[in-house]
Amino acid sequence: MQLNHPQLLRHQALIDGEWRDGDSGAREAVINPATGEILAEVAQVSAAQTRFAIDAAALALAPWRALTGKQRAALLQQWARLISEHQEDLARLLTAEQGKSLAEARGEIAYANSFIEWFAEEGKRVEGSILQSPQARQRLLVLKQPIGVTAAITPWNFPAAMITRKVAPALAAGCTMIVKPAEQTPLTALALAQLALQAGIPRGVLQVVTGPAADVGRVLCASPVVRKLSFTGSTEVGRLLMAQCAPTVKKLSLELGGNAPVIVFDDADLDAAVAGIMASKFRNSGQTCVCANRIYVQRGIYPALVARLITEVGALRVGNGMAEGTTQGPLIDADAVGKVRSHIDDALSQGATLLAGGKPHALGGTFFEPTLVGDVTSRMRFAREETFGPVAPLFPFGDEAEAIAMANDTKFGLAAYVFTRDAARQWRVPEALEYGMVGINTGLISNEVAPFGGVKQSGLGREGSRFGIDEYLEMKYLCVDIA
Ligand code: ADP
């Protein structure tokens, strides 16, 4: 792969400030999902090496937390500057290992960097409180202090942003962090770590351990030294990690599965609804946890919306993300294609209508045709499971109450979207939706200023925003008797 700075292509883990192979010499191939090409063979660290990384993070903690917020901000800002300077290389690495189009990859690097820039500043604003005491001779204070050593386990769909959204608040707050990136996409994580080293972030403050997920995860969860785990991924793995963290009563942030509903009312602005659905559904080929997964369309607007969506879906360009003009890269792997196919087959066998696409793309591999399915009902798997692929299922509905009930009829509660021009409904419906985030007349809601996270089985905690740093801080209450 052609990079302007080949030193960004790392294949070893970053432990205690040094690039290291796994003890056993084991390596795991990273595959380009667009071509099947092996991009690198990445070191697989052992459980013992993971323990060593925890020790290094603990050693690095005292001097790191002793810096002022402003001093840590200066280092984070230097990291952000280097990421910005190397945006093109990072985007190419990201596209090569993940598959998304280069335009989306460049966007993700900028989005990832926005968390570093934001939290560098927020770190300066960590403030305690002075409380009014019920006793005249007491003074009550609340301090906020870094939690300590933390760990992050991240997914493959946003190989850069899911890392910085955790690392930036952790480091800004004065915590140290060990990251275990997804096995499909470690190269972006390692390149970011290389730039953190170049920026002067001290050894042990940020480490990246690549290795067998279950083994590394077990060590991170079991360690009493690791005080907090932040995980983004599937609900199944989230539940397992929660159980593994129970013995040490670890703090947890979990950003899990989505199953996002979109509700389009008859009174919606059709252009806005079409744009919102296309952006939310087909970004990253449908592989985001806030992707539209169930599109509820009121019967009056249904025919017009279907016609417009058929045109829009027809204009999408499937191909290698590196190629100019590609809008839809490949899916991450064959399992992802299998799930998409099974959801489509299930719906069609129960009376749904295929409106566009519906099968693997002629390019082969894991490329899949952008697909529209109509007349979907709540009996079908589309209603219950996250498809995580480029398929838009359209569910016709009658009235508002029915739409809200169907939208809430899931164990998930991450993002929802509502399209309506009725001002009262713009409040009423979002307030009734059991979701952590609601887009109103928009399909794009993620940014560094907003608190990202879900309710129900979509997770715990919030990332980004001024609230996001609290996930890495403990309150300490001081009671002073001044008599
Ligand atoms: P996805 O289905 O999107 O791949 P996963 O939840 O399987 O989501 O993966 C998200 C992250 O969790 C990845 O970094 C993966 O390696 C990690 N992971 C998967 N299984 C485990 C496990 N048993 N323990 C710890 N981490 C795991």
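Which residue in S10 is the bridge partner of Ala-152? Hold that thought for a second. Hi everyone, and one thing before we dig in: what you have in front of you is a predicted model.

Okay, the answer is Ser-230. Ala-152 and Ser-230 take us straight into strand S10, so let's stay there. S10 covers residues 226–232, and it's mostly covered up: seven of its seven residues are buried. On one pairing, S10 goes with strand S7, residues 149–153, in the parallel sense, over five bridges. S10 also pairs with strand S11, residues 251–255, and those two run parallel as well, joined by five bridges. If you want a spot to click on there, look at Lys-228, which stands opposite Lys-251 in S11. How does the chain get from S10 to S11? It crosses through helix H8, residues 235–245, and this β-α-β crossover is right-handed.

While we're in that neighbourhood, find helix H7, residues 213–222. Its buried residues are Val-216, Gly-217, Val-219, Leu-220 and Cys-221. And what do those buried residues pack against? Quite a list: helix H1 at 47–66, our strand S7, strand S8 at 176–180, S10 again, and H8. So you can use H7 to find your way back to S10 and H8 if you get lost.

Next, a pair of helices. In general, when two helices pack, you describe them with the angle between their axes and the distance between the axes. Here the pair is H2, residues 69–85, and H5, residues 161–173. Their axes come within 9 Å and cross at roughly 150 degrees. That makes H2 roughly antiparallel to H5, because anything over 145 degrees counts that way. Who's actually meeting whom? From H2 you have Arg-72, Ala-73 and Leu-76, and from H5 you have Ala-168, Leu-171 and Ala-172. Sort that contact by class and you get five nonpolar residues, no polar ones and one charged.

Now a little sheet. It's open, it has three strands in the order S5-S6-S20, and the pairing is antiparallel. Strand S5, at 129–131, and strand S20, at 473–481, are the edges; each has a single partner strand, so one side of each is left without a neighbour in the sheet. From one strand to the next, the twist averages 25 degrees. Strand S6, residues 138–146, is joined to S20 by nine bridges, running antiparallel. For a landmark, Gln-138 stands opposite Asp-481 in S20.

Then there's another open sheet, with seven strands. What order do they come in? It goes S14-S15-S16-S13-S12-S17-S18, and the pairing is mixed. The edge strands are S14, at 353–356, and S18, each pairing on one side only. Ignoring direction, neighbouring strands here are turned by 20 degrees against each other on average.

Let's walk through a few parts of that sheet. Strand S15, residues 371–374, and strand S16, residues 391–397, run parallel with three bridges between them. Thr-371 has Val-391 in S16 as its bridge partner. Helix H13, residues 400–408, packs on the sheet and touches S12, S13, S16 and S17, with its direction making about 140 degrees with that of S16. Helix H9, residues 270–282, lies across S12, S13, S16 and S17 and runs at about 160 degrees to S17.

Over at the S18 edge, strand S17, residues 415–419, pairs with S18 in the parallel sense over four bridges. The bridge partner of Ala-415 is Met-437 in S18. S17, helix H14 at residues 423–432, and S18 together make a right-handed β-α-β unit.

S18 is also my favourite one for a bit of textbook. In a regular strand the side chains alternate between the two faces of the sheet. Along S18, residues 437–440, Met-437 and Gly-439 point to one face and are buried, while Val-438 and Ile-440 point to the other and are not.

Last stop: Ser-446, in the loop between S18 and strand S19, at 459–460. Is Ser-446 buried or partly exposed? It's partly exposed, because it has 19 other C-beta atoms within 10 Å, and counting as buried takes 20 or more. Leaving out residues up to four places away in sequence, Ser-446 touches Val-290 and Phe-452. Ser-446 and Val-290 are 156 residues apart along the chain, and their C-alpha atoms are separated by 9.0 Å.

That's my tour, thanks!

Notes
Residues numbered from 1 in each chain as written. Predicted model: local features only at pLDDT ≥ 70, side-chain atom pairs only at ≥ 80, totals over all residues. Axes fitted to C-alpha atoms, helices over the stretch in contact; angles between N-to-C directions. Parallel < 35°, antiparallel > 145°, perpendicular 65-115°, else oblique. Contact = placed C-beta atoms within 7 Å. Nonpolar A, V, L, I, M, F, W, Y, C, P; charged D, E, K, R; others polar. Buried ≥ 20, exposed ≤ 12 C-beta atoms within 10 Å, placed from the backbone. Pairing = 2+ DSSP bridges. Right-handed = clockwise from strand over helix to strand, strands pointing away.
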